[in-house]
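Reader: I am new to this structure and would like to ask about its salt bridges and one of its side chains. Please show it to me before we start.

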Amino acid sequence: MDQRQFHAFLIRQNLSKHTIRDHLSRCITILDSCSPFSLETSNVFLTTLWNDDASPALVNKYVQTIKKLCEFFEETWGEKIKKVKEDAPPRILMSEDEIETFIHCKLFDKFSMFWLLLSRFGSRPSEIASLTQDDIDFATNTMIIRKTKTRKGRQIPLAQSAIEPLKAYIPTLKSDYLFPNYRDPTKHISSGGWAKDFNARKKILGIKKHIIPYSLRHSYISRELEEDAGLFSVQDIVGHTKADTTRTYYRGSLKGMRKAMDKDTFNKKLLPPTKVLHNVEESLRSFHLDEDERFTCCIEKTNTSLKIDIHIIVKD
């Protein structure tokens, strides 16, 4: 097989450079092992790979390349090659306190801002890395993410907790990129750059659990869903193509189901008065106003009453 022709075939399919490189690398192994290239030899190759303790993820990558080769050779049997079932690894989440400690464990620099934005928007690391100053619009308090995994840009609101840090950070930049490469400011930071900083912070804090840069994204999505943010809104913010992907982050519970049912109009009218007071109190306390320096807040609850005293602190 002429590798150049297969290369051109993959380019025409609009695949990323990384994906094309991986397919080309794997096709050499496949064609060397599968002679002639057929359903039978491919199944033997995949079975051998599996028996040699290859991970399900690796086996499935070879399945994908075999299917691409079938398309290239115009073979119809590619549909009969099935992926093996993968058990999704558990997502390791970070609490709000862990995230704040992680961000501020070093002198605040561009990587501190990088992790702050990642934790506030739930974006992919590569999406945050490629942001430019022009992508931030303080007039409308929005941000445009252009370079995405799905190749579809998206505009999202600026998180309130990110606006002031961004306003202080952007004037210090000497590059169009929010996170320029040290060696070449005309380019943005690489995955190696943020991975190195991530591991350095883990070492400083002595973190033992297996968190990865994506843990900040996973934590954001889980946190939003647990706070009853709309599934489709979260999907749009984080750039999932399918709502089913976003749905996998929701850890359903009876408590969550009851809260959802209590919001139904018919059920609201029949809720016991004490339950209504409880729901109002719970909603107010979710704002953590007692920890917010901009307010004075006093909430007193008895079995039959709820006293609320909230004032904005006006600074001279």
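Author: The questions and answers below deal with a predicted model.

Reader: How many salt bridges are there?

Author: A pair counts when a side-chain nitrogen of Lys or Arg is within 4 Å of a carboxyl oxygen of Asp or Glu. By this rule, the number of salt bridges is 10.

Reader: Which residue forms a salt bridge with Arg120, and in which helix is that partner?

Author: The closest N and O atoms of the pair are 2.8 Å apart, and the partner of Arg120 is Glu100. Arg120 belongs to helix α6 (residues 110–121), and the two residues are 20 apart in the chain. The pair thus links distant parts of the chain, with Glu100 in helix α5 (residues 96–104).

Reader: Is Arg120 buried or exposed, and what is the class of Glu100?

Author: Buried means under 20% relative accessible area, and partly exposed is the class between that and over 50%. Arg120 has 17% relative accessibility, so Arg120 counts as buried. Glu100 has 31%, so Glu100 counts as partly exposed.

Reader: How many residues apart in sequence are the parts that Arg201 and Asp109 tie together?

Author: The side chains of Arg201 and Asp109 meet in a salt bridge, at 3.4 Å from N to O. Arg201 lies in helix α9 (residues 191–205), while Asp109 is in the loop between α5 and α6, so the parts tied together are separated in sequence by 92 residues.

Reader: What is the relative accessibility of Arg201, and what is that of Asp109?

Author: Arg201 counts as buried, because its relative accessibility is 0%. Asp109 is partly exposed, and its relative accessible area is 24%.

Reader: Which residues are linked with Arg201 and Asp109 in a network of salt bridges?

Author: The salt bridge between Arg201 and Asp109 is part of a network. Joined with these two residues in that network are Lys106 and Asp197.

Reader: Are Glu127 and Arg124 buried or exposed?

Author: Glu127 and Arg124 form a salt bridge, with 2.6 Å between the closest N and O atoms. As for their class, both Glu127 and Arg124 are buried.

Reader: What is the distance in space between Trp194 and Ser126?

Author: Trp194 is in helix α9, and its relative accessible area is 10%, so Trp194 is buried. Leaving aside neighbours within four places in sequence, Trp194 is in contact with residues including Phe111, Phe114, Trp115 and Ser126. Trp194 and Ser126 are 68 residues apart in sequence, and their C-alpha to C-alpha distance is 9.6 Å.

Notes: Residues numbered from 1 in each chain as written. Predicted model: local features only at pLDDT ≥ 70, side-chain atom pairs only at ≥ 80, totals over all residues. Heavy atoms only, no water. Helix = DSSP H or I, 4+ residues; strand = E, 2+ residues; numbered from the N terminus. Buried < 20%, exposed > 50% of the residue type's maximum accessible area, 1.4 Å probe, protein only. Contact = heavy atoms within 4.5 Å.
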